Amino acid sequence: MDSDSVKKAIIRQALQATNTANARTLIENINEKCFERCVPKPGSSLSSGEQTCLTQCMEKYMAAWNEVNSNYIRRIQQEIGNQTLSNA
């Protein structure tokens, strides 16, 4: 295995670890924010209003999360591109 292949394998592993950590954080945040907001008095089941609230909250939270991640990735790609151009 050459050094370029090793570097790509390490980057791939780092990205997978980051994606796993991001997914875990997303789920934890959704649970915390949406559940607290939509289920003020937990019981043995959810009412239809609580279910609707949770669904809408999760959809909004995930849409916002995806938008932030997209912008973050775009910014990183720009920075990498700028560094590549300045090193050339």
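User: Which residues in helix 1 are buried?

Analyst: Keep in mind that this is a predicted model. To count as buried, a residue has to be under 20% relative accessible area. In helix 1, the ones listed as buried are Leu26, Ile30, Cys34 and Cys38.

User: And how far does helix 1 reach from its first C-alpha to its last?

Analyst: Helix 1 covers residues 3-38, so there are 36 residues to lay end to end at 1.5 Å a residue. That gives an expected 52 Å, and the model comes close to it, with a reach of 51 Å.

User: How many salt bridges are there?

Analyst: Side chains of opposite charge can pair when their charged atoms come close. Here the nitrogen has to be within 4 Å of the carboxyl oxygen. Lys33 with Glu32 makes the cut at 3.5 Å, and Glu79 with Arg75 does too, at 3.2 Å. The count comes to two.

User: Is Lys33 buried or partly exposed?

Analyst: Its salt-bridge partner, Glu32, has 39% relative accessibility and counts as partly exposed. Lys33 itself has a relative accessible area of 42%. Anything between 20% and 50% falls in the middle class, so Lys33 is partly exposed.

User: Where do Glu79 and Arg75 both lie?

Analyst: These two form a salt bridge, with their closest N and O atoms 3.2 Å apart. They sit four residues apart, about one turn of the helix. Both belong to residues 48-87, which is helix 2.

User: Is Arg75 partly exposed or exposed?

Analyst: Glu79, at 36%, counts as partly exposed. Exposed takes over 50%, and Arg75 has a relative accessible area of 51%, so Arg75 is exposed.

Methods
Residues numbered from 1 in each chain as written. Predicted model: local features only at pLDDT ≥ 70, side-chain atom pairs only at ≥ 80, totals over all residues. Heavy atoms only, no water. Helix = DSSP H or I, 4+ residues; strand = E, 2+ residues; numbered from the N terminus. Expected span 1.5 Å × (residues − 1). Buried < 20%, exposed > 50% of the residue type's maximum accessible area, 1.4 Å probe, protein only. Salt bridge = Lys/Arg side-chain N within 4 Å of Asp/Glu carboxyl O.
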